[in-house]
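Student: Got a minute to go through this model with me? I'd like to start with how the helices pack.

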Amino acid sequence: MPQRMVLSGNEAIARGVWEAGVGFASGYPGTPSSEILPALKSLGDAYVEWSTNEKCALEAAAGASLAGARCLVTMKHVGLNVAADPFFTLSYTGVKGGLVLISADDPAMHSSQSEQDNRNYARAAKVLMLEPSDSQECYDFARRGLQLSEDFDTPVMLRTTTRIAHSDGIVEVGERTALDRPCEPTLDPHKYVTIPAWARERRVKVEERTGALRAFAEETDLNRIEPGDPSVGIIASGAAYQYAREVMPQASFLKLGMTWPLPPEKIRSFAAGVEKLYVVEELDLFLTDQVKALGIAVEDLPADLQIGELSPERLAAAFGDLVDPALAGRACPADADTGDAACLVGLPPRPPVLCPGCPHRGVFLTLRKLKAFVTGDIGCYTLGALPPLNSLHSCLCMGASIGEAHGIECVCGKDGKTVAVLGDSTFVHSGITGLVNIAYNGGSSVVVILDNSTTAMTGGQDHPGTGVTLSGRPGRKLDLPALCRAVGIEDVQVVNPRDLKATEEALRKALASSEPAVVIAQCPCVLVSRKRDKPYVIDEDKCIRCGLCVRIGCPAIGVRATEDPKKPQPFIDSDLCVGCALCAQTCPKAAISQTE
């Protein structure tokens, strides 16, 4: 008898593939996809791993599929950029065991460096794409995706967005189907060896498959017409479908669950039955352009809907008079930031900040003091760019900090002022190759690895540098100093970034060197270690209210108004203070001390 459970979209995906007999799962943590693999691990009966990056994750899954296992690969949208090389070729080779790739997009960039609509990847790679609209569909589509992958010999992309991944819903679940399959890699070089002559044969197969998928899209219940008022017809998928349903409940809908390839005849049939046709979608005009290419007229919606996350409020404003006045009144003010969630729910804005006791703060304070130009990377440390630290000056993508620093040095020479910073997980993900490049090309850049022994920003996942696998068993721990020396960096220092004097000495030494240097700032993330020392207090009799302690940007330090508006009195919130002592090291009057 089916059970009913309340699951997030991510949990529902894990449940769906688990019931469908998934045997191998891999991925790299990235919001909003990070919870899928831990949820799958908790269910048991499948091999699950955090891979060093998304490319490694997909390549491992391709191997497991070749051996006959059903596979899941998870990543956020930009992760597919890293995995794009095997992804495109996997479309040619096809699969043996079903393979579903989760691409979790992040409209409005809640935790990302860019907006990116990965529906375009499915079209470019010519693979089947599914887009769930709620937790039940996350479960259903993940289950069906593995079967469809085997039926059509294709990897299947299941694309979610932040709202779908993190929203909870009631899901009707079943039992796991145990697949009794031998582990037997398939011997079929013409299919799996992509030398040009055989790849050309596969190219034809890909087009034949696309035709078969298009025919399937016409008949499958994944794409359904929901009749309503014929004066307005709406084509939508994913979260956009839910928003449109809420705002225009009376309209007719073509709800697309399979959004590549599209069903041309079903779209034509639906369009012919409505007076005005709208396409509601988030980010790019992916569906709109395809519908227009069929020669079908589509009513325009405001162009700014393509920027930021869609919402019922924004959609109500876009539809104007077509919407019930009560719903239209919920719209954000016209001058509101379209990516500002606060305008949607009335919350006050809260600027992001490094946690109290974050070890990264000591490095950024020192780099600010040294007036270094800092090339940054993806992780918590991007917050070093914000006031009052103001100590990070670029951030391009995972692993790019080292390459950018090298490029600056190549054209400007080593002026002793450029430093690359990146985290330990990011270094393992894609920073290593940049360091090899510096050593190989005779560069002399300074690289700081902020080693807090976790993948912090995505929730504290392990990686090769922590030596613990997703299964919780000990693995071989990566020795970062030894690795850096092995690729050719002789000047490798390890410091505690909470010791400002030692950190400054290490950075000054590295910047003065004519050779490439690595400084490993090693101190556990406060959210992982949960270690708290006795809090610090400010002796107001000794305090000269210079504000230096405030300028370290610690959330535990606040200010209180005094008779002199230019000199507020700083204080330390003992509930937030973890006793890291950074503030005490900055005080020129020794007015900050630890409680007894």
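Student: At what angle do helix 10 and helix 12 pack?
Tutor: Helix 10 (residues 196–219) and helix 12 pack at about 35°, with axes 7 Å apart. Axes are lines fitted to C-alpha atoms, for helices over the stretch in contact, and angles run from 0 to 180 degrees between N-to-C directions. Helices (H or I, at least four residues) and strands (E, at least two) are DSSP runs, numbered from the N terminus.

Student: Which residues make the contact?
Tutor: Helix 10 brings Arg 214, Ala 217 and Glu 218, and helix 12 brings Pro 264, Glu 265 and Lys 266. Contact here means heavy atoms within 4.5 Å.

Student: How do the residues of that contact divide by class?
Tutor: Two are nonpolar, none polar and four charged. Ala, Val, Leu, Ile, Met, Phe, Trp, Tyr, Cys and Pro count as nonpolar; Asp, Glu, Lys and Arg count as charged; the others, Gly among them, count as polar.

Student: What am I looking at, and how are residues numbered?
Tutor: This is a predicted model: local features need pLDDT of at least 70, side-chain atom pairs count only at pLDDT 80 or more, and totals for chains, interfaces and linings use all residues. Residues are numbered from 1 along each chain as its sequence is written, and side-chain values use heavy atoms, with hydrogens and water left out.

Student: OK, sheets. What is the order of the four strands in the open, mixed sheet?
Tutor: The order is 9-11-10-13. Strand 9 (223–226) and strand 13 (276–280) are the edges, each pairing on one side only. The twist averages 15° from one strand to the next. Two strands pair if DSSP finds at least two bridges between them.

Student: Do strand 9 and strand 11 run parallel or antiparallel?
Tutor: Antiparallel, joined by four bridges, with strand 11 covering residues 251–256. Glu 226 has Phe 253 of strand 11 as its bridge partner. Helix 12 (residues 264–272) packs on this sheet and touches strand 9, strand 10 (229–237), strand 11 and strand 13. The direction of helix 12 makes about 175° with that of strand 11.

Student: And the sheet of six strands, what's its order?
Tutor: That open sheet runs 15-14-16-17-19-18, with parallel pairing. Its edge strands are strand 15 (394–395) and strand 18 (491–495).

Student: How many bridges join strand 16 to strand 17?
Tutor: Five, between residues 418–423 and residues 446–451. Ala 420 stands opposite Val 447 in strand 17.

Student: Which strands does helix 19 lie across?
Tutor: Helix 19 (residues 424–440) lies across strand 16, strand 17 and strand 19 (517–522), at about 145° to strand 16. Helix 21 lies across strand 16, strand 17, strand 18 and strand 19, at about 170° to strand 18.

Student: Helix 21, does that turn up elsewhere? What does the second largest pocket take from helices?
Tutor: Helix 17 (360–369) and helix 21 (500–512) each supply at least two of its lining residues. Helix 17 gives the most, with four. The pocket volume is about 310 Å³. By class, its lining has four nonpolar, two polar and five charged residues. Among the lining residues are Arg 368, Lys 369, Lys 501, Glu 504 and Arg 551.

Student: How are pocket and cavity defined?
Tutor: On a 1 Å grid over the protein atoms alone, a cavity is a set of points where a 1.4 Å probe fits but cannot get out. A pocket is an open set with protein on both sides within 12 Å along at least five of seven lines. Lining residues have an atom within 4 Å of a point. Points are joined across faces, edges and corners, and a volume is the space filled by probe spheres set on them.

Student: How many cavities of 30 Å³ or more come out?
Tutor: Five. The largest cavity has a volume of about 90 Å³. Its lining is 14 residues, with Cys 543, Arg 545, Cys 546, Cys 549 and Cys 587 nearest the centre. That lining divides into 11 nonpolar, one polar and two charged.

Student: What about the lining of the second largest cavity, by class?
Tutor: Four nonpolar, five polar and four charged residues. The volume of the second largest cavity is about 80 Å³. Helix 18 (residues 400–412) gives the largest share of its lining, three residues.
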